[in-house]
Amino acid sequence: MTKHTLIVGASHAGVTAAEALRRNGFDGAITLLSAEACPLPYHRPPLSKAYLSGEKSAQQIALRGATFYEDNAIILRHGLRAEGLDPRARTLTAGDEVIPYDDLILATGARPRLLPGSEQIRTGLHRLRDLADADALARRRDSASRLVIAGGGFIGLEVAATFVKRGVEVIVVEPQTSLLARALPAEVSAPLLALHRAAGVEIRLGTTLTRLIHSNGRLTGVELSDGTQIATDDLLVGIGSQARLELAPGAETRLGGFAVDSHGRTSLPHVWAIGDCATQDNRFAGGPARIESVQAATDQARATGAALAGKTDAPPAAEALPWFWSDQYDWKLQMAGFIQPGAEVVLRGDPAAGAFSVLHMRGARLCATFSVNRAGDHIHARKLIASGARFDAAALTDAATPLNKCLIPEPAA
Ligand SMILES: Cc1cc2nc3c(=O)[nH]c(=O)nc-3n(C[C@H](O)[C@H](O)[C@H](O)COP(=O)(O)OP(=O)(O)OC[C@H]3O[C@@H](n4cnc5c(N)ncnc54)[C@H](O)[C@@H]3O)c2cc1C
């Protein structure tokens, strides 16, 4: 009998898993379930970048055209939220349907964290996770006079850049004493702060948003930890996200995500989890990590799709090097690997000229790179970190020499 793989969540992880199943020869039925109203799954990163600024339309950010699903016999059902799971019966409840499956892939992603008191506010409070959120925020792009942003993370800073360019007064409130303290080294974080301030964004470091001020369900202002009150009609809350785990309360969790093995198996039989909702060991993280990025979602999805299609030798996603990017003003920031406390820092290029890379080295080996407008460094670094190549320290500081030409030749075997 034909096998049925049911995938909950039709975004980067879910769609890639469906594609990987077919590419690896799975000839059973595949159903992709999406709770979102939008009929075609889309790229999520542009929601805080080119889609929010109006440079790209919803059609332009579709992950795949409609024909992809037809051509690959993938049944895509949108506007349908899965609500219940019976792992013993191998059925899922969605709306008034009970859907049987042979294998279930949870690709349910994450939801934004909220501030206490949010439930009392109907107007003026923004979050940014899906297309509907981006549309609501984009409607204020040209009409808001002031936007307060709680959280100086990637999403908050990308939105700050978009709004300040439109003439909106933007105030970012960040509890840490530097921007993106866990993701970026000081050599990148400090010029990023200067970039935002030069563009006119007010950034209050070491400050927490402590209270939402509202009247009749409408936001009117916020209060900060230093006692300041700021009047505002619009607040974007960008304080991180939480994995959506509610569908499988019986599955083991780790670090806030479904605990999965190197191919995505959860502790429940025939239930797999991938993407933002999953925690997996990662060689470069040095242990379990829930990595929220397109790269992690797609690498995990490829590994799970291949394993489910019976490819026992499929490479596990745990071996994949994490990488990420962010667009702010004319900065294309690209990162590979994780900050390494105590690593030797090498600078290539000139921060003042807006094109540089910060390398984290352990001895002769590269372990992480943070590049601004140096895409070549990023692309080479992704290969060279993963392969454990050894570098000539003197050559590295010459920004004109491509990274892959700075290697110490390996002795012939
Ligand atoms: C604004 C924004 C900007 C970002 N920028 C970047 C970037 O520049 N680079 C980068 O690498 N990453 C970026 N990310 C992170 C990246 O988008 C995520 O890591 C990625 O989308 C994770 O994919 P996913 O498929 O695991 O989850 P998601 O993309 O969150 O998709 C999960 C889907 O499952 C659906 N779902 C959940 N529960 C149910 C249910 N019960 N029934 C049916 N459907 C359900 C959700 O509605 C959603 O559509 C950004 C994220 C956001 C929000």
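Is Lys332 buried, partly exposed or exposed? Lys332 counts as partly exposed, because its relative accessibility is 33%; here buried means under 20% relative accessible area, exposed means over 50%, and partly exposed lies in between (1.4 Å probe, protein chains only). Keep those words in mind as we walk through the structure.

A word on the model comes before the tour. It is a predicted model, in which local features need pLDDT of at least 70 and side-chain atom pairs count only at pLDDT 80 or more, while totals for chains, interfaces and linings use all residues. Residues are numbered from 1 along each chain as its sequence is written, and side-chain values use heavy atoms, with hydrogens and water left out.

Let's start with a sheet. Helices (H or I, at least four residues) and strands (E, at least two) are DSSP runs, numbered from the N terminus, and two strands pair if DSSP finds at least two bridges between them. Five strands, in the order 9-16-10-11-12, make an open sheet with parallel pairing. At its edges are strand 9 (125-126) and strand 12 (202-205), each of which pairs on one side only. Strand 11 (residues 169-174) runs parallel to strand 12, and four bridges join the two. Glu174, for example, has Leu205 in strand 12 as its bridge partner. Helix 4 (residues 154-165) packs on the sheet, touching strand 10 (146-150), strand 11, strand 12 and strand 16 (235-237). Its direction makes about 170° with that of strand 10; axes are lines fitted to C-alpha atoms, for helices over the stretch in contact, and angles run from 0 to 180 degrees between N-to-C directions.

Now look at helix 5 (residues 186-199). Its 14 residues should span 20 Å at 1.5 Å a residue, and its end C-alpha atoms are indeed 20 Å apart; the expected span is 1.5 Å times one less than the number of residues. Val188, Ser189, Leu192, Leu193 and His196 are buried in this helix. Viewed down the axis, the buried residues of helix 5 fall within an arc of 135°, so they line one face; the arc is that of the directions from the helix axis to the C-beta atoms. A general rule helps here: an α-helix has 3.6 residues a turn, so residues three or four places apart point the same way. The buried residues of helix 5 pack against helix 4, strand 12 and several other strands, including strand 23 (323-328) and strand 24 (331-336), where contact means heavy atoms within 4.5 Å. Ala186 and Ala198 are exposed on the face turned away from the buried side of helix 5. After helix 5 comes Gly200, with a positive phi near 105°.

Finally, let's turn to charged side chains. A salt bridge is a side-chain nitrogen of Lys or Arg within 4 Å of a carboxyl oxygen of Asp or Glu, and by this rule the count is 23. Lys332, from our opening, forms one with Asp327 (3.2 Å, N to O). Asp327 is partly exposed at 27% relative accessibility. Another salt bridge joins Arg283 and Glu319 (2.9 Å, N to O). This pair links distant parts of the chain, 36 residues apart. In a third, Glu246 meets Arg244 (3.7 Å, N to O); Arg244 is buried at 18% relative accessible area, whereas Glu246 is partly exposed at 46%.
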